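Here's a quick briefing to read alongside the model. Have the 3D view open and click through the residues as they come up.

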Number of protein chains: 2
Amino acid sequence: MDPHLLTTFVTVARHGSFSAAAAELGYTQSAISQQIAALEADLGLALLRRRPVEPTPAGRRLLEHAGPLLLRLRAARADVLRTAAEPSHLLRVAATPLAVNPVVAARLAAARAAQPRLEVRLRTCRAERLAALVAEGRAELGLAGGIAAPSDPLRLPESGPMSTAGVSEEDLVVVLEPGHPLAGRARLRLADLIDARWLDTPLCPLTRLRDLVGDGFPVGLEYEGDDVHTVLTLAAAGHGLTLLPASAVPAGGGPVCAVPVAAPRLVHRVELLHAALPPGPATALAAALAG
Amino acid sequence: MDPHLLTTFVTVARHGSFSAAAAELGYTQSAISQQIAALEADLGLALLRRRPVEPTPAGRRLLEHAGPLLLRLRAARADVLRTAAEPSHLLRVAATPLAVNPVVAARLAAARAAQPRLEVRLRTCRAERLAALVAEGRAELGLAGGIAAPSDPLRLPESGPMSTAGVSEEDLVVVLEPGHPLAGRARLRLADLIDARWLDTPLCPLTRLRDLVGDGFPVGLEYEGDDVHTVLTLAAAGHGLTLLPASAVPAGGGPVCAVPVAAPRLVHRVELLHAALPPGPATALAAALAG
DNA sequence: CTCAATTACGCGCTGCGTAAGGATA
DNA sequence: TATCCTTACGCAGCGCGTAATTGAG
């Protein structure tokens, strides 16, 4: 159960290939083969079936453990190193695309005005990676946005001890093509849209919607990117409906028609994530963002 | 951040000595010294101050991570091995001393009557170790007992993914020496006993009591064992008060006087812990115990 | 027959033990 | 001075790469 071997194992499983894993990890095929053999010998059972390369039941079980385990290991390392690092004025903030809404941007501006020396490096990333980025110390702060029932916390992947605080909640609107029969309504109930075609995007994942509202929500088009403008364009062209926070839709609707959601009440919730921070600029910014 | 080095580090920190850790781990003093040096070089900072040997701030931080991390590693290993093991009729059950109360004992008897081939090996252990025993696969089932507010879950040390289920809750009694001025009352409020002398025992840790009720509860005598008879004898001799589930005090009170607690309402709660179990005797027993 | 994983084998590096050295109470 | 950790050094075993071999599609 050497983490080194565990890393190799998850890489092989991800690629479904020893040679591809070898290329990624900078080893020879042979070394990978020996590492997997060593892990299997250690546990006394087969973890991968060969040709095609795919995990056995025991291997699948190990994969479920390995990811979080390796993440915690990196997180522990980052946390220990953080205790020794002196407080920096450069703060790296990772955010999901919709997390930087007007409220967050305003608070960030206020914090920068209050602390002129503060330097912020903002980057966007997918929600699944956000907690890991913060845990591993590759970002001091994380802003995670997602769809939730009002006051309910987001479902973030477990990644060790981390503080979370609610930052903002914003009502959602249904984004429709202008010619849509329901466009122009003052409010819409999601239950009435359960059979309409939907866009499946990371900004509004249909799996999450089904969790919150119920089955249905057939996929019209799947968009793997997280660009709001693209989503709006796709919606305008009638590829499907989607939910966005009101502030993400241009005033007046632009090319699309935006209708508030009447029921069930859902919000785009933003949460602030951070590991234990040293006193200094980082805590100040965290406090400013949490409001 | 090799787990091997981490293990060495926690052992050295626990003993406050390189040589003692060497003896425990079966290495030479020199090897331990090299391992600690390797870990410190890897992280680029000092983890231990020598002479006396004690952790630096960074070392303390690492210690907080290392324990849970190593536990999860062992737990993952146990879990993977469990998927391959065939269901056994021998079930190892670990329980805190008071967890095996009449309710639990009766359910266990019913389960054994229903499944004649069932073989149960019961052992007692302290609450802190219980979750680790189950996580590491050294026991299939764990029965954790502790003091809690009604319907509130116990505070168990975090030890990876594990199922918990409430099993029973039993009212608590205050155990007093027969000559105590408050003996003979029909009910007592804990707030009135906050200045009395208390026994500090693992069966009723005063820290937990202070968490639930408030500061106070001065220590009369600290007993590190978990033998109920000894606690009753100490209470009878006037060394201090303690709380026990009613069923743990002999009918009539025996050498002590038992008075129900009126407020706040507290119970001795028993929870069942287990990792993902293979279908078979283990799941059947778990279901029987959970009621 | 081909491609990909396994096995054989040799070498270099890591990490241990022995033993000498150094720091601290 | 005694104790306990550190450093020097040599050896053994582990793990990698090269290259030959096996085996599945």
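Start with T28(B): in this predicted model, an N or O atom in its side chain sits 2.8 Å from a phosphate oxygen of DNA strand C. From there we'll go around both DNA strands, then look at some backbone oddities, a helix and a polar residue in chain B, and finish with chain A as a whole.

**Around DNA strand C**

- There are 16 residues surrounding DNA strand C, and the closest are S19(A), Q29(A), S33(A), R50(A) and T28(B).
- Of the strand C atoms that come within 4 Å of the protein, 60% are sugar and phosphate.
- Q29(A) goes for the backbone of the DNA too: one of its polar side-chain atoms is 2.9 Å from a phosphate oxygen of DNA strand C.
- Q34(B) has a base as its partner, with a side-chain N or O atom 3.4 Å from a base oxygen of DNA strand C.
- Which elements supply at least two residues each to the surface near DNA strand C? They are α2 (18-25) and α3 (29-43) of chain A, along with α3 (29-43) of chain B.
- α3(B) is the top contributor there, giving four residues.

**Around DNA strand D**

- DNA strand D has 18 residues around it, and T28(A), S19(B), S33(B), R50(B) and R51(B) come nearest.
- Sugar and phosphate make up 58% of the strand D atoms that come within 4 Å of the protein.
- R50(B) puts a polar side-chain atom 2.4 Å from a phosphate oxygen of DNA strand D.
- S19(B) has a side-chain N or O atom 2.5 Å from a phosphate oxygen of DNA strand D.
- From chain A, Q35(A) joins in, with a polar side-chain atom 3.1 Å from a phosphate oxygen of this strand.
- Two or more residues each come from α3 of chain A and from α2 (18-25) and α3 of chain B.
- α3(A) has the largest share of the surface near DNA strand D, at four residues.

**Backbone oddities in chain B**

- Some background first: most residues other than glycine have a negative phi, and most peptide bonds are trans.
- R51(B) departs from the first habit, with a phi near 55°.
- The peptide bond between R51(B) and P52(B) departs from the second: it is cis, with omega about 0°.
- Where do these two sit? P52(B) is in the loop between β1 (48-49) and β2 (54-55) of chain B, and R51(B) is in that loop as well.
- R51(B) counts as exposed because its relative accessible area is 80%, over the 50% cut-off. That value takes only the protein chains as cover, and R51(B) is among the residues that come nearest to DNA strand D.
- S151(B) is another non-glycine with a positive phi, about 70°. Look for S151(B) in the loop between β5 (141-148) and β6 (163-176) of chain B.
- Is S151(B) buried or exposed? S151(B) is exposed, at a relative accessible area of 58%.

**Helix α6 of chain B**

- In α6 (residues 127-135), the buried residues are L130(B), A131(B), L133(B), V134(B) and A135(B).
- Those buried residues pack against α4 (57-84), β3 (90-95), β4 (119-124), β5 and β12 (267-274) of chain B.
- After the helix comes G137(B), with a positive phi near 80°.

**A buried asparagine, N101(B)**

- N101(B) is in the loop between β3 and α5 (102-114) of chain B.
- N101(B) counts as buried because its relative accessible area is 6%, under the 20% cut-off.
- The side chains of N101(B) and S168(B) make a polar contact of 3.1 Å.
- Leaving out residues up to four places away in sequence, N101(B) touches S168(B), E170(B), S247(B) and V270(B).

**Chain A as a whole**

- Chain A has nine helices and twelve strands, and its C-alpha atoms fill a box of roughly 65 × 50 × 30 Å along the principal axes.
- Of its 291 residues, 48% count as buried.
- Among contacts in chain A with a separation of 6 or more, 72% are between residues 24 or more positions apart.
- The accessible surface of chain A is about 13,300 Å², with 53% belonging to carbon and sulfur atoms.
- Chain A has 28 positive and 28 negative charges, and their mean positions are 2 Å apart.

Terms used. Residues are numbered from 1 along each chain as its sequence is written. Chains are lettered from A and ligands numbered from 1 in the order in which they are written. Side-chain values use heavy atoms; hydrogens and water are left out. Buried means under 20% relative accessible area, exposed over 50%, partly exposed in between (1.4 Å probe, protein chains only). Contact means heavy atoms within 4.5 Å. Accessible areas come from the Shrake-Rupley method with a 1.4 Å probe; for residues, only the protein chains shown count as cover. Lys and Arg count as positive and Asp and Glu as negative; His and the chain ends are not counted. The place of a charge is taken as NZ of Lys, CZ of Arg, CG of Asp or CD of Glu. A residue is near a molecule or strand if one of its heavy atoms lies within 4 Å of it. A polar contact is a pair of N or O atoms within 3.5 Å; within protein, one must be able to donate a hydrogen and the other to accept it, and residues adjacent in sequence count only if both atoms are side-chain atoms.
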